[in-house]
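Before reading on, look over the sequence and the model. The account below takes the cysteines first and then turns to pairs of charged side chains.

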Amino acid sequence: MYSEKDTSSSPLGLLDLATEVLLLIFLELDIPNILSCRQVCKRLNDLYGLSEIQYKCELAFSAMVDGTATGTPVADRLRSLREYQAAWRSGPLSLHPTFSRELSEDSEGTCPQWLSFSGPFSASRAGSKVTLIQLPSSTRRIQEKSWTLDFGATLLVPQCGASNTEQNLTAFAGIEDGNPRVFRCHFFTILPDESSPRAPADLLPISYEVDAEWFNTALELTIRGEAMIWTIICSPGAKVLVYNWRTQELMQCYERPTGFMHAELLTSKLLMISVVDLLLIYAINCNDLSIPPDLDAQYILQPPSNGGLYEMHFRLRMVHDMNGPGTPTAVNFGHDPDAALLVFQLFNRSPAQGAKFGVLPTTYVHCVSRAALLSRLHSSGPAGVDGHNRVLRWEEWATLDNSSLLLGVSSSAQLSLSSLGARFAISFPREDPATSVAHDIYVFDVHRCARSDDNTREARQHATRYFNVSSSQETPNQFIWYSNKPMPYQIVHKTVPMRTGRKGQRENCNVKLLTDGVAFLRETWDSWDSNRPSIAVECYMLSA
């Protein structure tokens with residue numbers, strides 16, 4: 001006897017679910033799976049068009065993460081993110097500085113000089129006084145503000161500084177006045193309701209004494225969470241000190257008898273140090289503070305196999321987001337820390353190598369995402385067991401995925417580099433003053449979904465991404481591109497004239513990449529034989 005099939009207990013299919021349930025499922029998927037699901041049928045493709053899914057995908061396409069704003073509709077966040085991305089790709093930087101400030105001599109006639117500073121502020125020193133400037137931005141609702149710190153009574157001669165991610169803590173390091181064997185680091189808090197930084201009572205200055213008495217310099221200072229990385233030069237060698245700035249405990253000390261070093265934290269337990277032409281990665285071990293120079297690193301990253309023609313120096317660190325003190329803490333989106341770039345410079349030891357691109361020497365800049373490098377380290381197997389290490393050739397760690405870029409700049413002048421999230425900027429002066437007394441600034445997006453000239457949003461196909469920028473008069477801004485696709489990474493190119501624009505003038509400039517523009521830290525001499533420079537800071541922000 002025939003009976004109609006009972007469908008009341010039949011399992012539901014995916015498309016039988018309510019739209020709200022499907023949306024929750026989609027939001028748990030990664031981006032490749034979302035893009036695959038949208039091709040299944042019209043309903044799933046329509047689901048892809050919802051603001052929540054679009055916002056999740058646009059964040060990935062932009063190497064950004066959702067911010068801390070509460071109560072802001074997703075549609076408004078999506079619109080804000082798209083406007084921000086469009087501004088970088090189509091809105092040129094302002095023709096003239098949106099902010100400019102020249103710093104003058106102190107009362108004793110001492111010329112100011114820029115300090116190395118890790119963070120969104122600019123810092124300069126004249127005599128015993130340091131001027132800290134908060135760079136303004138109408139987009140970020142940050143107003144220009146400056147503070148003056150007098151170190152006359154502290155015995156500190158400031159040489160470098162840093163701020164933490166929240167930018168409410170600032171540290172300055174240098175040598176002790178009258179006793180160059182002692183390095184000192186002083187801490188200050190910057191609070192919205194206070195007109196000047198103050199020294200917190202629970203953070204006393206840190207002192208570190210060395211044996212060398214001459215040519216001692218505090219080279220770099222970086223704050224990452226509760227860790228502070230302090231690189232010092234104690235002639236003829238150098239040291240990297242890792243402190244917990246809250247407890248003021250020295251967690252690690254790495255010493256090199258000769259040469260310079262640059263350091264960065266990959267994770268809270270892994271420290272990366274550049275030594276001549278190698279990158280060494282050590283595990284931070286609080287039980288064994290001092291690392292002798294002959295101790296094997298856990299990982300050794302080698303430069304290109306080119307017969308020793310390169311020197312590789314680790315130059316940059318990941319830069320903080322730019323929400324300054326006194327501004328709303330709620331933001332719609334921020335930079336994805338997993339996409340943050342590590343940027344390296346490789347120098348030619350032999351000037352003749354520069355003949356490959358003309359008479360000028362070539363400096364190579366390589367960048368790779370921190371997350372991609374960590375993934376490669378983990379996949380290469382255990383390291384540091386029984387004194388053994390893992391040695392990775394250039395091909396094994398430098399060309400990790402689509403989020404890497406190698407470029408060369410043909411210029412005898414020193415390059416200036418700055419990074420922020422998955423974006424980095426490079427600046428250098430033009431070689432021939434007859435063409436234009438100016439500096440070139442390039443800004444690049446470097447991540448797996450960085451859009452190409454055809455505006456596609458698919459992940460980059462793996463290829464050799466290399467080009468050369470020449471600043472010579474014969475081949476101004478020449479690009480040599482070895483890839484079967486248009487260059488996907490350059491998003492901004494701007495020429496910035498020197499302050500007076502006259503021949504015979506000498507000028508050094510450092511670029512600092514901001515969320516919505518660039519800052520230019522100038523140091524200008526009226527003539528080549530002048531020893532009294534003037535300094536100024538300028539901001540060029542997105543016009544759109």
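A search of the whole structure, which is a predicted model, finds 0 disulfides. What is the closest cysteine sulfur to that of Cys185? The partner is Cys160, and the two sulfurs are 7.8 Å apart, too far for a bond. A disulfide would need the two sulfur atoms to be within 2.5 Å. Cys185 is also buried, at 0% relative accessibility. Cys57 is another buried cysteine, with a relative accessible area of 1%.

The charged side chains give a different count: there are 12 salt bridges by the rule used here. Three of them are followed below, each with its place in the fold and its exposure.

One of the salt bridges joins Asp46 and Lys42, with 2.9 Å from N to O. Both residues belong to helix α3, which covers residues 42–48. They are 4 residues apart, or about one turn of the helix. How accessible are the two partners? Lys42 is exposed, at 62% relative accessibility, while Asp46 is partly exposed, at 40%.

A second pair is Arg79 and Asp76, whose closest N and O atoms are 2.9 Å apart in a salt bridge. The setting is again a helix, here α5, made up of residues 74–90. Arg79 and Asp76 are 3 residues apart in this helix, so about one helical turn separates them. Arg79 counts as partly exposed, with a relative accessibility of 44%. Asp76 also counts as partly exposed, with a value of 28%.

The third pair involves strands. Where in the structure do Glu264 and Arg224 lie? Their side chains form a salt bridge in which the closest N and O atoms are 3.3 Å apart. Glu264 is in strand β16 (residues 261–265) and Arg224 is in strand β12 (residues 217–224), so this salt bridge ties together parts that are 40 residues apart in sequence. Are these two partners buried or exposed? Glu264 is buried, its relative accessible area being 0%. Arg224 is buried as well, with a relative accessible area of 16%, which is under the 20% limit for that class.

To go back over the charged pairs: Asp46 and Lys42 lie in helix α3, Arg79 and Asp76 in helix α5, and the pair Glu264 and Arg224 links strands β16 and β12. As for the cysteines, the search gives 0 disulfides, and the sulfur of Cys185 remains 7.8 Å from that of Cys160.

Terms used:
Residues numbered from 1 in each chain as written. Predicted model: local features only at pLDDT ≥ 70, side-chain atom pairs only at ≥ 80, totals over all residues. Heavy atoms only, no water. Buried < 20%, exposed > 50% of the residue type's maximum accessible area, 1.4 Å probe, protein only. Salt bridge = Lys/Arg side-chain N within 4 Å of Asp/Glu carboxyl O. Helix = DSSP H or I, 4+ residues; strand = E, 2+ residues; numbered from the N terminus.
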